[in-house]
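Here is a short, friendly tour of one structure, with a look at surface residues and at helix geometry. Please have the sequence and the model open beside you.

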Amino acid sequence: MTDESWPMIEEAVFRLFDELAGKGTPEHVAIGPRLADLGWSDIEAEYPVEACELLFRAQGRSLALTDCLDRLMVAELVGLLDGPVDHVLLPGLTPGYLPGSDESHVSGIVLGPLQGRLVVPVPGPTGSVSIGVLDAAKLRGERLDTFDASTFWTRVSGPIATTLVEATAQWNQALAAAQRALATELVALAEQALRIAVDHVSVRVQFGGPIGSFQSPRHALADASAVLAGSRALLGESWRYGGQLSAVTAKAAAGRAHRTVSDVALQVCGAIGLTAEHDLHRYVTRGFQADALCGSHDQLESLLGDRLFETYAPGRALPAVVTWAN
């Protein structure tokens, strides 16, 4: 729960992220010092859930590139680390949500340039995960040619020459936190895309009236808004109660909602929405990029289906968090 000071905190954070986005840097900005200037440690202590959610909502809204995701995951793993780290090696895009390294070889993605020290997750038998810390200088990094040209992702590979520590519970918590955060960013990106589409059909005139006065675009936008509202409500429950299943479900629903909104927005904006001069493509491509991290909505929906069929017999009701997503 927040109080009357919360709107001022939101305004300050939105202003900070808008400033970072305005610099147009292709690297992921280390946001810690800037948050410290806002007294972020006190804000987090008073609003632990709301403060975290706000950062990713502001990032999606502004299109800024920061190390917020690394910071969030490191906070879940810090008890197992021997010192400060700069990045967490994220799973590659093929397995989607599983660590891609093994006991001898590093494989994965880093957000931003490869530098500093990395936390590397390594899968073990029966779903276990261990982690180690490696210096970036000992690894190979290649900048990825990504769907969203404004982002900076690095494909990382190399040998693992470090001690591994069992970290199954902590890694699962870090991955769930990342999925929840990415879902928040996806919802914010979809909200911006929907706003642009609504503004467009409100002022664009055809046959003597605004496009938005016609049934087809109006109904399409209403349907997209409903899908987005459902994913937003589900995400709110996931932030409130936590849990790995709810995080997977929230990210799957957010990715699906972003895709639905993007399809409709591109349709109703017409050719202008496909041009580089128009802002719509920025929120569409960034969302497609974010959806691929830690499991795309297609991958996570498949994962949810597999888990539910393993756990729930035919005729048994699904968990409420999954029912809401549908």
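Asp-42 is exposed, because its relative accessible area of 58% is over the 50% cut-off. In this predicted model, Asp-42 belongs to helix 3, which covers residues 40-46. Asp-42 also joins Asp-3, Glu-4 and Glu-46 in a surface patch of negative charge.

Tyr-241 is another exposed residue, with a relative accessible area of 57%. You will find Tyr-241 in helix 7, residues 215-241. Its C-alpha atom is 29 Å from that of Arg-34, and these two residues are 207 residues apart along the chain.

Now for the geometry of two helices. The expected spans below use 1.5 Å a residue.

| Helix | Residues | Number of residues | Expected span | Distance between end C-alpha atoms |
|---|---|---|---|---|
| Helix 4 | 48-62 | 15 residues | 21 Å | 22 Å |
| Helix 8 | 244-269 | 26 residues | 38 Å | 37 Å |

For helix 4, the distance between the end C-alpha atoms agrees with the expected span. The values for helix 8 agree as well.

Which residues of helix 4 are buried? They are Ala-51, Cys-52, Glu-53, Leu-54, Leu-55, Phe-56, Ala-58, Gln-59, Gly-60 and Ser-62.

What follows each of these helices is worth a look too. After helix 4 comes Leu-63, with a positive phi near 70°. Just after helix 8, Gly-270 has a positive phi of about 70°.

Terms used:
Residues are numbered from 1 along each chain as its sequence is written. This is a predicted model: local features need pLDDT of at least 70, side-chain atom pairs count only at pLDDT 80 or more; totals for chains, interfaces and linings use all residues. Side-chain values use heavy atoms; hydrogens and water are left out. Patches are made of residues with over 30% relative accessible area and no salt bridge: like charges are joined within 9 Å, nonpolar side chains (Val, Leu, Ile, Met, Phe, Trp, Tyr) within 5 Å. Accessible areas come from the Shrake-Rupley method with a 1.4 Å probe; for residues, only the protein chains shown count as cover. A salt bridge is a side-chain nitrogen of Lys or Arg within 4 Å of a carboxyl oxygen of Asp or Glu. Lys and Arg count as positive and Asp and Glu as negative; His and the chain ends are not counted. The place of a charge is taken as NZ of Lys, CZ of Arg, CG of Asp or CD of Glu. Helices (H or I, at least four residues) and strands (E, at least two) are DSSP runs, numbered from the N terminus. Buried means under 20% relative accessible area, exposed over 50%, partly exposed in between (1.4 Å probe, protein chains only). The expected span of a helix is 1.5 Å times one less than its number of residues.
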